[in-house]
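Colleague: I should like to learn how to read a model of two chains. May we go through it feature by feature?

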Amino acid sequence: MADILFAAWLIARKDLAIEFRTRSAFLSAVVFSLLGLVIFYYAWDPTAVSAPDLAPGVLWVIFTFSGLLGLHRSFGVEAEDHAIDGLLASPVSREAIFLGKALANLIFVGAVQAITIPALVVFYNLPLGGVAAPLIAIAILAAIGLVAVGTLFSAMAVNTRLAELLLPMLALPFFVPIVTAAGQATAKLLSGRPVIEASAWLKLLLAFDLVFVAACTLAYPFTVED
Amino acid sequence: MSSTLSAGGPARPIVVVAELARAFGARRAVAGVTFSLGAGECLALFGPNGAGKTTLLRVLAGLLRPTSGSARVCGIELPGGGLARSRVGLISHHTMLYEALSSRENVSFSARLYGIRDSRARVEDSLRRMSMLERADAPVRSLSRGMQQRVSIARAMVHSPQLVLADEPYSGLDESGARALTSLLQELRSAGTAIIIVTHNLAEGLSLATHAAVMQRGKFVRYDAADRVNVASYPATYRDAVAASG
């Protein structure tokens, strides 16, 4: 297990180093997120819908689509001159490759969230108060689920001609339960309800994470066999 | 002509392949290949495009599962997981490098994947052997195609594999790079590494080979073990195979 985690860390570090050098996906995702916030802001009628009612939907729609940019890039770097063959021919397990990719994607999505959530709070003048910590917990739990599913489908889609179209088509249906739970929990918190009322959604998110991480880790080796 | 001639029992077999087949749907890319290769031996594999050479190498590298038959690398039945893959070094006409990383970072990353913890000296040595130490810190994307291929070879050699699978390794190399590669492969052979080299250049392949084969439609249409490689007759066999493949 220690070997798998060490190899996963090596792969994640390599992916993050590549992203740090190129910044292509990260900048795209951040710009996309901020533009999304602005567009929703100007399309919003504050007399019809309050900010705490609108913000959860805005937040999770933006995360879902900006995350796809990074997820597509995840195995895209491996397609360049068949780098994936070098990984697969090495002695590290397929599970370690998946976990490494997922970890890099999680850090990527977390970094996008770290910029977007404060921007959302400022734009929509949200009463964050004492709900910052639970909101961060929701963001992390939802990101784990999204990344697990997205990483698996990124691996499946990367070698197809319509990878950029196929990835969202495959991943979005599986994102629905995660986004639903995250959106509902966020709405409870932002509308000033007690944290305990969001705990059921948090537990559901945790359950989704456990199932998706385990299932996707086990399924990944089958996507690269032939 | 038989597709399954035996090499005649090398002392320490590194590769033992028996009736190996690999199909993609109905198409059999490798259709029953048998051979063995011992430590310090080199098989030069020729054949037209689509003959199944790359597929055979990918099976031996652990990238594809055999459909039927068997293959053993260093005594480990394939697919043998990480242990079997740790004994193999794969060179391809694809560099398998990350363009945003430097040569040193690429080779170092590979060394760490193969469990070499204190990899600095090994990485430097590997890059030096391919005359790439001076450009070790340059991003791979800034290097010429030939230089990238040299780095790719350094990457494949950094863990001192017992079996080297080289799929058109001379691709993109200039004269100096080709000489460095030939010298490296000869050195590896002397040190007991088994090599399978796929190339369209008969002279290069046969200069290294102790065994030679011509592959066509997934089978060996000619296979000569160490004491029977007749260099002079290979061009004609190769031309026939290319012509037959259309």
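**Reading the interface and the sheets**

Modeller: Let us begin with one pair of residues. A salt bridge joins the side chains of A:Asp85 and B:Arg58, with 2.8 Å from N to O. Please keep in mind that this is a predicted model.

Colleague: How many salt bridges are there between chain A and chain B?

Modeller: There are 2 salt bridges between chain A and chain B. B:Glu105 and A:Arg21 also form a salt bridge, and their closest N and O atoms are 2.6 Å apart. This pair crosses between the chains, from helix H3 (residues 103-113) of chain B to helix H1 of chain A. Over all chains, the whole structure has 17 salt bridges.

Colleague: Which other counts describe the meeting of chain A and chain B?

Modeller: One may count residues, residue pairs and area. In this model, 29 residues of chain A are in contact with 29 residues of chain B. The area buried between the two chains is about 2500 Å², and carbon and sulfur atoms give 56% of that area. Between chain A and chain B, 14 residue pairs are in polar contact, with both residues at pLDDT 80 or more.

Colleague: Which helices of chain A each supply at least two residues of the side that touches chain B?

Modeller: They are helix H1 (2-22), helix H3 (51-79) and helix H4 (83-88) of chain A. H1(A) gives the most to this side, with 10 residues. By residue class, the side of chain A that touches chain B divides into 13 nonpolar, 5 polar and 11 charged residues.

Colleague: Let us turn to the sheets. How should one read the order of strands in the open sheet of 4 strands?

Modeller: The order lists the strands as they stand side by side. For the open sheet of 4 strands in chain B, the order is S2-S1-S4-S5 and the pairing is antiparallel. S2 and S5 of chain B are at the edges with a single partner strand each, so one side of each has no neighbour in the sheet.

Colleague: How many bridges join the strands of this sheet?

Modeller: Strand S1 (residues 13-24) and strand S2 (residues 27-38) of chain B pair over 9 bridges in the antiparallel sense. One example is B:Val16, whose bridge partner in S2(B) is B:Ser36. S1(B) and S2(B) form a hairpin with 2 residues between them, and B:Gly25 in the turn has a positive phi of about 65°. S1(B) is also joined to strand S4 (residues 68-73) of chain B by 5 bridges, and these two strands run antiparallel. There, B:Val15 stands opposite B:Val73 in S4(B). Between S4(B) and S5(B), which run antiparallel, there are 2 bridges. In S5(B), B:Ile76 stands opposite B:Val73. H1(B) packs on this sheet and touches S1, S2 and S4 of chain B, its direction making about 120° with that of S1(B).

Colleague: What is the strand order in the open sheet of 6 strands?

Modeller: The order is S6-S7-S8-S3-S9-S10 in chain B, and the pairing is mixed. Strand S6 (88-91) and strand S10 (219-224) of chain B are the edge strands, each pairing on one side only. From one strand to the next, the twist averages 15°. Strand S9 (residues 211-216) of chain B runs antiparallel to S10(B) and is joined to S10(B) by 5 bridges. B:Gln216 stands opposite B:Lys219 in S10(B).

Colleague: Which helices lie across strands of this sheet?

Modeller: Helix H1 (residues 53-60) of chain B lies across S3, S6, S7, S8, S9 and S10 of chain B, at about 150° to S7(B). Helix H6 (residues 175-190) of chain B lies across S3, S7 and S8 of chain B, at about 145° to S8(B).

Colleague: Finally, what should one look for in the backbone angles?

Modeller: Most residues other than glycine have a negative phi, and most peptide bonds are trans. A:Arg23 is not a glycine, yet has a positive phi of about 55°. A:Arg23 lies in the loop between H1 and helix H2 (24-43) of chain A. In chain B, the peptide bond from B:Leu78 to B:Pro79 is cis, with omega near -5°. B:Pro79 is placed in the loop between strand S5 (76-77) and helix H2 (81-85) of chain B.

Conventions: Residues numbered from 1 in each chain as written. Chains lettered and ligands numbered in written order. Predicted model: local features only at pLDDT ≥ 70, side-chain atom pairs only at ≥ 80, totals over all residues. Heavy atoms only, no water. Contact = heavy atoms within 4.5 Å. Buried area = accessible area lost by both parts, 1.4 Å probe. Salt bridge = Lys/Arg side-chain N within 4 Å of Asp/Glu carboxyl O. Polar contact = N/O pair within 3.5 Å; in protein donor to acceptor, adjacent residues only side chain to side chain. Nonpolar A, V, L, I, M, F, W, Y, C, P; charged D, E, K, R; others polar. Pairing = 2+ DSSP bridges. Axes fitted to C-alpha atoms, helices over the stretch in contact; angles between N-to-C directions.
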